Amino acid sequence: MRVALLAALPAGFASGAPFAYVTNQGSHDVTVVDLATREAVATVPVRRAPAGVVAVGATGRVYVGHPEAQAISVIDMRSQRVVETIEPGFGPMGLDATRDGRLVVGTDWAGHRVVVIDVADPARPVSAIAVGRYPAGVAVHPDGRTAFVAERDDDHVAVVDLDTRRVRARVRVGAHPFAVTFDAARERLYVLSVYSDDVSVIDTRTLQPVARVAVGKAPYGAALTADGALLYVTNQRDDTVSVIAADTLQVVRTLDGFGYPEGVAAHGREVFVVNWMDDSLSVLDAASGRLLKTVRTGQNSRGFGAFIGAPAGR
């Protein structure tokens with residue numbers, strides 16, 4: 001598949017990693033942004049209407065989900081090219097992966113199930129696990145044995161055992177949970193509910209709710225800063241971003257000036273917010289929330305998932 005380069009690239013292109021991989025639902029491609037230069041360096045054409053994404057450093061692969069096309073595009077981080085298209089028989093909304101990159105876990109929005117793909121096996125075997133209605137976001141625990149899945153129309157999070165391929169428990173959260181983010185240092189799960197406009201905080205050791213934090217309208221994505229101090233939450237219908245102190249679970253500031261913000265990720269001292277209506281990526285100072293730069297992307301950018309990555313050894 002063809003890759004359109006946006007700028008003259010220096011020798012050793014991949015060594016400039018890490019990169020942000022922004023899925024563009026309207027232009028059917030992925031914008032690749034070099035975080036060192038804060039410049040878009042490539043546009044990778046993919047299947048129709050990409051949405052979910054996970055970048056896996058251990059394998060140097062980026063998995064891009066296509067809910068409409070029922071496919072997953074696989075981008076190589078070193079060449080910035082599509083090297084494979086997986087057709088697992090479902091349309092993935094959310095995607096995540098185990099740290100070693102062996103398993104890719106996707107939510108089958110219309111099929112009301114979670115699908116586990118063993119990408120380490122050349123045959124790409126698929127396992128399907130029934131969950132609640134319209135599963136959206138998914139987060140895999142760092143130990144690779146548990147996945148947390150937002151069951152949007154059931155107002156629960158399913159706790160899926162990846163060893164037995166069964167739902168181990170379900171935890172009630174806010175109205176219409178969509179995205180989930182795991183906090184490894186605190187063993188917490190943050191669940192964003194688009195109807196109740198809040199973040200449910202769950203202790204993943206006890207599977208008990210810890211708190212409910214009110215944010216803006218229709219929270220869609222969340223990311224912890226690299227130091228773990230702050231949780232950035234995008235609020236689609238307010239065009240704002242809420243910044244929460246992770247220790248106290250208090251909103252410390254609300255940032256405005258975004259265009260229907262959706263995906264969000266953090267790296268180093270910066271936070272990156274994807275704007276669906278503005279076709280752009282906002283680069284923020286993580287400590288203050290100050291806007292550092294705006295990078296143009298493709299049309300209707302989503303970036304739903306862990307869209308920042310670098311190949312191992314780089």
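**Exercise 1.** In this predicted model, determine whether Thr31 is buried or exposed, and describe its surroundings.

*Solution.* The first step is to place the residue, and Thr31 belongs to strand S3. Next comes the accessibility: Thr31 has a relative accessibility of 3%, and because buried means under 20% relative accessible area, Thr31 counts as buried. Then the neighbours are listed, leaving aside those within four places in sequence: Thr31 is in contact with Ala20, Tyr21, Val22, Asn24, Ala40, Ala42, Arg296, Thr297 and Gly298. One of these, Gly298, offers its backbone nitrogen, which the side chain of Thr31 reaches at 3.3 Å.

**Exercise 2.** Carry out the corresponding analysis for His66, and state which backbone oxygen its side chain reaches.

*Solution.* His66 lies in strand S6, and with a relative accessible area of 0% it is buried. Beyond the neighbours within four places in sequence, the contacts of His66 include Val46, Arg47, Arg48, Ala49 and Pro50, and also Ala71, Ile72, Ser73, Gly91 and Pro92. From this group, Arg47 supplies the backbone oxygen that the side chain of His66 reaches at 3.2 Å. As a final step, one may take a C-alpha separation: His66 and Met93 are 27 residues apart along the chain, while their C-alpha atoms are separated by 7.2 Å.

**Exercise 3.** Identify the residues with the most contacts inside the largest nonpolar core, and the elements that give two or more residues to this core.

*Solution.* The largest nonpolar core has 28 residues, and those with the most contacts inside it are Tyr21, Val62, Ile75, Leu281 and Phe307. Two or more residues come from each of the strands S2 (19-24), S3 (29-34), S4 (39-45), S5 (52-56), S6 (61-66), S26 (270-275) and S27 (280-285). A second, separate core of 21 residues includes Ala179, Tyr220, Ile244 and Ala246. Returning to Ile75, its contacts, with neighbours within four places in sequence left aside, include Tyr21, Val30, Val44, Val62 and Val64.

**Exercise 4.** Describe the largest and the second largest pocket by volume and by the class of their lining residues.

*Solution.* The largest pocket holds about 1200 Å³ of space, and of the 45 residues that line it, Asp96, Thr181, Phe182, Gly305 and Ala306 are the closest to its centre. By class, this lining has 27 nonpolar, 14 polar and four charged residues. For the second largest pocket the volume is about 230 Å³, and of its 13 lining residues the closest to the centre are Arg152, Phe178, Val194, Gln236 and Arg237. The lining of the second largest pocket divides into eight nonpolar, one polar and four charged residues.

Note on methods
Residues are numbered from 1 along each chain as its sequence is written. This is a predicted model: local features need pLDDT of at least 70, side-chain atom pairs count only at pLDDT 80 or more; totals for chains, interfaces and linings use all residues. Side-chain values use heavy atoms; hydrogens and water are left out. A nonpolar core is a set of buried Ala, Val, Leu, Ile, Met, Phe, Trp, Tyr and Cys residues joined through side-chain atoms within 4.5 Å. Buried means under 20% relative accessible area, exposed over 50%, partly exposed in between (1.4 Å probe, protein chains only). Helices (H or I, at least four residues) and strands (E, at least two) are DSSP runs, numbered from the N terminus. Contact means heavy atoms within 4.5 Å. A polar contact is a pair of N or O atoms within 3.5 Å; within protein, one must be able to donate a hydrogen and the other to accept it, and residues adjacent in sequence count only if both atoms are side-chain atoms. On a 1 Å grid over the protein atoms alone, a cavity is a set of points where a 1.4 Å probe fits but cannot get out, and a pocket is an open set with protein on both sides within 12 Å along at least five of seven lines; lining residues have an atom within 4 Å of a point. Grid points are joined across faces, edges and corners, and a volume is the space filled by probe spheres set on the points. Ala, Val, Leu, Ile, Met, Phe, Trp, Tyr, Cys and Pro count as nonpolar, Asp, Glu, Lys and Arg as charged, and the others, Gly among them, as polar.
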